[in-house]
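Trainee: Could you take a close look at one part of this model and describe how it is put together? I would like a connected account rather than a list.

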Amino acid sequence: MQTIRGFRDILPEHIRLWQKVEKEASGLFKAFGFQEIRVPILEKTQLFSRSIGEVTDIVEKEMYTFADRKGDKLTLRPEATASIVRSYIQHKMYATDPVRKFFTIGPMFRRERPQKGRYRQFYQIDAEVFGIESALIDTQLIFLLNELFKRLGLTGLSAHINSLGCPECRPSFQKALLDFVTSKKESLCKNCLRRMEKNPLRILDCKVQACKEAVQDAPATLDHLCDDCETHFKTVKTSLKAQGVDFIVDKSLVRGLDYYTRTAWEIQTTTLGAQSAVAGGGRYDGLVKELGGPQTPGIGFAIGFDRLVEVMEQIEKTPEKEGLDLFIISLGEPAMEKGYLWSCELNQAGIRTEIDFRGKSLKALMKRANKLNAKYVLIAGENELADNSVILRDMNTKDQVSLSIETLVPELIKKLKLTK
Ligand code: ATP
Ligand code: MG
């Protein structure tokens, strides 16, 4: 049996970086006032089609959707924002305190063509903020991302930002865009011709080379912003500058989800080839209302966890080897029973201890101790037990000392805690 295409195991030898990122991210989120939230992996299909948009790549071709036994249409979540917005509304959070900051870490599902940095089950670190209209929160989220990546030792990243406007500036932009794409009709792919009718903005995000070329000089949302959106975007830019966060204004950045308004951004890396975006985010001031809640501004981002780890693995070529504090070699049944009890007590005290239960020879077990990268080895054989003592071997210096069984565990705890 094999995993399904685009799905993969993350094996123990790769977990260390995942845990490092999780630790750093949750620490940072806490400091910035975010609370963790966990939402289901399965939701009603409608939640995603209504929020992400019917005419988007995600909804049209990437969702894992199926009917459950009663015929309800369900979807494996392709992203987390919609679910968190649903939760915000469902639990009437707006009524007790409309200002909420959440983060969540977990798997997302999109049926895309699998390749490096692109999987069908992938993980995101997701943050969402509700109830804050100020542009300073836009800046703060980009600053937070920057800080996280800095702490993880990443370099060569750039923040691409754009403003997508609001319902007030959209009509003038949409008209200009429609005129433009109509004039390019001959060069567009079949999909884009369909998008032209239903959702022309999506043409700007088409991956077909001919379409990309055709829309190179397309009108940009930035040139159609209303005064409020203009001011908002200006504040984002000046406050980012004031904080020393580098960014590039990218007029062509539209993002693949329909719910975005005003600020949208992507953090790109030069080290992952075609899969260059490690994080993406944006404002969605209309989404809470669209899904049935009161008018509430919202903004958030998602980090591509798999891609982030891939970038980190490139930087950190030789990861430090994890090892054991102590490996217990018990020779013979009575020694095994004692060794087992010692090992449990040491485990309880937080000392990484292992014992081999298979009754192998001293030579074989010394080999295993080396393989497990043990700092110390405890040898308990029949002779030693008769003497009420055991041997402790320092695997680095090869020094051996004899320890009395009576005080063994406390003494080991003292000694091994010191070497940590
Ligand atoms: P892309 O343009 O690379 O398809 P996207 O705009 O579809 O990305 P978002 O929906 O913004 O992606 O998700 C945020 C982040 O999640 C992306 O920047 C990327 O790092 C990661 N991501 C998205 N899709 C995948 C995937 N299929 N496999 C791995 N990571 C992904
Ligand atoms: Mg995508």
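Mentor: **The five-stranded sheet**

In this predicted model, five strands form an open sheet in the order β13-β12-β14-β15-β16, and their pairing is mixed. Its edges are β13, residues 353-355, and β16, residues 400-404, each of which pairs on one side only. Direction ignored, neighbouring strands of the sheet are turned against each other by 25 degrees on average.

At the β13 edge, the neighbour is β12, residues 324-330; the two strands run parallel and are joined by three bridges. One pairing can be picked out by residue: F327 has E354 of β13 as its bridge partner.

A helix also belongs to this picture. Helix α14, residues 362-371, lies across β12, β13, β14 and β15. Of these, β14 covers residues 374-380 and β15 covers 389-394. Relative to β12, the helix runs at about 170 degrees.

For comparison, the ligand site draws on other strands. Ligand 1 is surrounded by 14 residues, with R110, E112, Y119, R255 and A277 the closest. At least two residues of this shell come from each of β6 (121-130), β10 (277-283) and β11 (298-304), and β10 gives the largest share, three residues. Sorted by class, the shell holds six nonpolar, three polar and five charged residues. Among the polar approaches, a polar side-chain atom of R255 is 2.7 Å from an oxygen atom of the ligand, while a polar backbone atom of Y119 is 2.9 Å from a ligand nitrogen atom. The protein covers 90% of the 580 Å² of accessible area that ligand 1 has on its own.

Note on methods
Residues are numbered from 1 along each chain as its sequence is written. Chains are lettered from A and ligands numbered from 1 in the order in which they are written. This is a predicted model: local features need pLDDT of at least 70, side-chain atom pairs count only at pLDDT 80 or more; totals for chains, interfaces and linings use all residues. Side-chain values use heavy atoms; hydrogens and water are left out. A residue is near a molecule or strand if one of its heavy atoms lies within 4 Å of it. A polar contact is a pair of N or O atoms within 3.5 Å; within protein, one must be able to donate a hydrogen and the other to accept it, and residues adjacent in sequence count only if both atoms are side-chain atoms. Accessible areas come from the Shrake-Rupley method with a 1.4 Å probe; for residues, only the protein chains shown count as cover. Helices (H or I, at least four residues) and strands (E, at least two) are DSSP runs, numbered from the N terminus. Ala, Val, Leu, Ile, Met, Phe, Trp, Tyr, Cys and Pro count as nonpolar, Asp, Glu, Lys and Arg as charged, and the others, Gly among them, as polar. Two strands pair if DSSP finds at least two bridges between them. Axes are lines fitted to C-alpha atoms, for helices over the stretch in contact, and angles run from 0 to 180 degrees between N-to-C directions. Contact means heavy atoms within 4.5 Å.
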